[in-house]
Amino acid sequence: MAKTINVALIGQGFMGRSHSNAWGQVNRFFKPELQSVLHTVYGMKGEPTPEFAKTWGWLHTSDNWETLIKSPEIGLVDIVTPNFMHAPPAKAAVAAGKPCACEKPIASTLDEAREMAEAAARAKVPTFVWFCYRRTPAVALAHQMVKSGKLGEIRHIRASYLQDWADDSVPMAWRFKKESAGSGAHGDLNAHIVDMTRFVSGLEVEEICGAMATTFVKKRRIIEQDSGGGIQLSDEQMRYAKAGGGAEQFGDVTVDDAVSFIVRYNNGAMGTYEAARQATGNQNANGFEINGTKGSVKFNFERMNTLEYYDATQPRAYQGWTTIMCTHGGDHPYVANYWPDAHLIGYEHGFTSMAYDILQVLNGKEPTVPLPDFNEGYQTARILEAALIAASEKRWVLLDSVK
Ligand SMILES: NC(=O)c1ccc[n+]([C@@H]2O[C@H](COP(=O)([O-])OP(=O)(O)OC[C@H]3O[C@@H](n4cnc5c(N)ncnc54)[C@H](O)[C@@H]3O)[C@@H](O)[C@H]2O)c1
């Protein structure tokens with residue numbers, strides 16, 4: 001009989017659904033030695049938890065996360081609440097000796113991120129941050145290519161994560177408030193590309209400059225209906241908001257809509273980062289280009305099954321960008337467990353593949369490619385904080401000075 005671990009899911013919004021799917025699918029697609037049991041899902045009072053549990057296959061429900069985390073039946077705590085609600089359950093989980101997986105950005109403030117990393121180190125329990133894009137086969141392949149020296153020495157990285165969902169008609173939600181989100185596009189989107197480029201390139205940021213943070217929409221309508229986290233408005237809620245529904249009441253937006261910054265890495269390479277929620281036409285354009293002395297790679301999640309590769313070691317006459325379809329099970333990470341060549345995978349597979357690697361680590365095995373833990377989440381948070389300091393003080397910031 002397979003070994004099992006009981007998972008407690010803290011939250012049940014957009015990520016609640018995506019993680020529920022992953023914890024269910026991982027056993028079917030990967031058949032891990034240690035299998036996940038969808039034990040208990042937590043939802044705030046008033047949320048339709050029993051309905052959610054039935055839909056996604058959770059055995060039990062809870063509206064008290066503190067009691068749930070302490071339950072001896074729970075073996076892994078998985079946190080999918082808004083950013084300000086990461087640190088309290090995460091610290092409680094590791095203090096109770098429970099492995100803990102937490103959504104990104106790791107926390108809403110740098111202090112919380114540091115405390116989480118320190119608590120995890122003290123407790124010596126495995127922790128994970130859901131930087132799920134590391135597990136896109138094309139991104140994992142890019143990581144392997146850089147590691148094997150195929151790109152030579154990295155000189156340039158340009159990364160951008162552009163979305164366009166947050167136009168003026170989108171009503172107030174937790175994502176637009178500093179006290180619940182910490183930052184806007186920065187923590188939401190730059191967090192992903194900072195982690196992804198650290199992972200692919202293996203480089204570390206040393207200094208940050210040229211930063212700018214902007215909020216275009218300074219007030220948003222507070223609608224009477226639940227605004228569903230902002231990114232996930234139902235059609236009905238969107239029609240309601242766009243038609244001017246809800247009280248004639250507006251709230252102040254206290255986070256950025258867009259943040260860009262420039263970095264220098266520890267090998268002298270240069271990099272640029274750009275996150276935006278109103279980059280019209282870019283719906284989930286999460287990507288990077290990395291240029292090395294022997295070649296380059298380019299990735300855009302909107303075409304997530306492919307990686308662009310330029311091999312500068314070929315004779316000059318034949319050099320050019322090639323598009324690699326990263327769906328060949330024999331060569332490309334994770335895909336052997338899904339479908340045959342070019343039977344494409346999607347967003348949810350990144351979470352299922354990450355659930356697999358988490359189960360592998362909890363079973364004493366190596367993950368397919370490295371997993372980010374709370375300390376890595378904290379390192380990314382330091383870079384994001386340094387960029388905000390550079391933007392507000394209009395100066396260069398040494399990362400060493402940001403703890
Ligand atoms: N990895 C990714 O690609 C990705 C994508 C989207 C969101 N996220 C992250 O996932 C987290 C959740 O985002 P989401 O889009 O699922 O949000 P959401 O608004 O859809 O859902 C949040 C859920 O958290 C719970 N919750 C809300 N307020 C709470 C409170 N005060 N106390 C306790 N529980 C509360 C509720 O169950 C709610 O359903 C965020 O940290 C976000 O940055 C990651």
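## A well-covered helix

Helix α11 is mostly covered, with 15 of its 20 residues buried. Keep in mind as you explore that this is a predicted model. How far apart are the end C-alpha atoms of α11, which covers residues 374-393? They are 28 Å apart, and this agrees with expectation because 20 residues at 1.5 Å a residue should span 28 Å.

Where does α11 lie? It lies across β8, β11 and β17, and runs at about 55 degrees to β8. Just after the helix comes K394, which takes a positive phi of about 50 degrees.

## The nine-stranded sheet

The strands that α11 lies across can be found in an open sheet of nine strands. Reading across this sheet, the order is β16-β15-β14-β13-β7-β12-β11-β8-β17, and the pairing is mixed. Which strands are at the edges? They are β16 (321-325) and β17 (397-398), each of which pairs on one side only.

Another helix, α8 (residues 185-201), packs on this sheet. It touches β7 (154-162), β8, β11, β12 (270-276) and β13 (285-292), and its direction makes about 150 degrees with that of β7.

## Following the bridges

You can see what mixed pairing looks like by stepping from strand to strand. Start with β8 (residues 205-214) and β11 (residues 258-265): they run antiparallel and are joined by seven bridges. Within this part of the sheet, I208 stands opposite V263 in β11.

Next, β11 is joined to β12, again in antiparallel fashion, by seven bridges. Here R264 stands opposite M270 in β12. The two strands β11 and β12 form a hairpin with four residues between them, and in the turn G268 has a positive phi of about 95 degrees.

Do β7 and β12 run parallel or antiparallel? They run parallel, with seven bridges joining them. One pair to look for is R158 and its bridge partner in β12, T272.

## The six-stranded sheet

Now turn to the other sheet. Six strands form this open sheet, in the order β3-β2-β1-β4-β5-β6, and the pairing is parallel. Its edge strands are β3 (60-62) and β6 (127-129), each pairing on one side only. From one strand to the next, the twist averages 25 degrees.

Helix α1 (residues 14-30) packs on the sheet, where it touches β1 (3-10), β2 (34-42) and β4. The direction of α1 makes about 150 degrees with that of β2. For a close look at one strand pair, try β4 (residues 76-79) and β5 (residues 100-102), which run parallel and are joined by three bridges. In this pair, I79 stands opposite C102 in β5.

## A helix across the six strands

Helix α10 (residues 347-362) lies across β1, β2, β4, β5 and β6, running at about 110 degrees to β2. How many of its 16 residues are buried? Twelve are, and the helix is mostly covered. Among the buried residues are H349, F351, M354, Y356, D357 and L362. What covers the buried residues of α10 includes the strands β1, β2, β4, β5 and β6, along with helix α1.

The length of α10 can be checked too. Its 16 residues should span 22 Å at 1.5 Å a residue, and its end C-alpha atoms are 24 Å apart, which agrees. After α10 comes G364, whose phi is positive, near 80 degrees.

## Where the two domains meet

The domain assignment of the chain gives domain 1 (3-132) and domain 2 (136-342 + 366-372 + 380-391). How far apart do the C-alpha centres of domain 1 and domain 2 lie? The answer is 23 Å. Where they touch, 18 residues of domain 1 are in contact with 20 residues of domain 2.

Which elements of domain 1 supply at least two residues each to the side that touches domain 2? They are α1, α5 (110-123) and β6. The largest share, three residues, comes from α1. By type, the residues on this side of domain 1 divide into 13 nonpolar, four polar and one charged.

Note on methods: Residues numbered from 1 in each chain as written. Predicted model: local features only at pLDDT ≥ 70, side-chain atom pairs only at ≥ 80, totals over all residues. Pairing = 2+ DSSP bridges. Axes fitted to C-alpha atoms, helices over the stretch in contact; angles between N-to-C directions. Contact = placed C-beta atoms within 7 Å. Domains from an automatic or database assignment. Nonpolar A, V, L, I, M, F, W, Y, C, P; charged D, E, K, R; others polar. Expected span 1.5 Å × (residues − 1). Buried ≥ 20, exposed ≤ 12 C-beta atoms within 10 Å, placed from the backbone.
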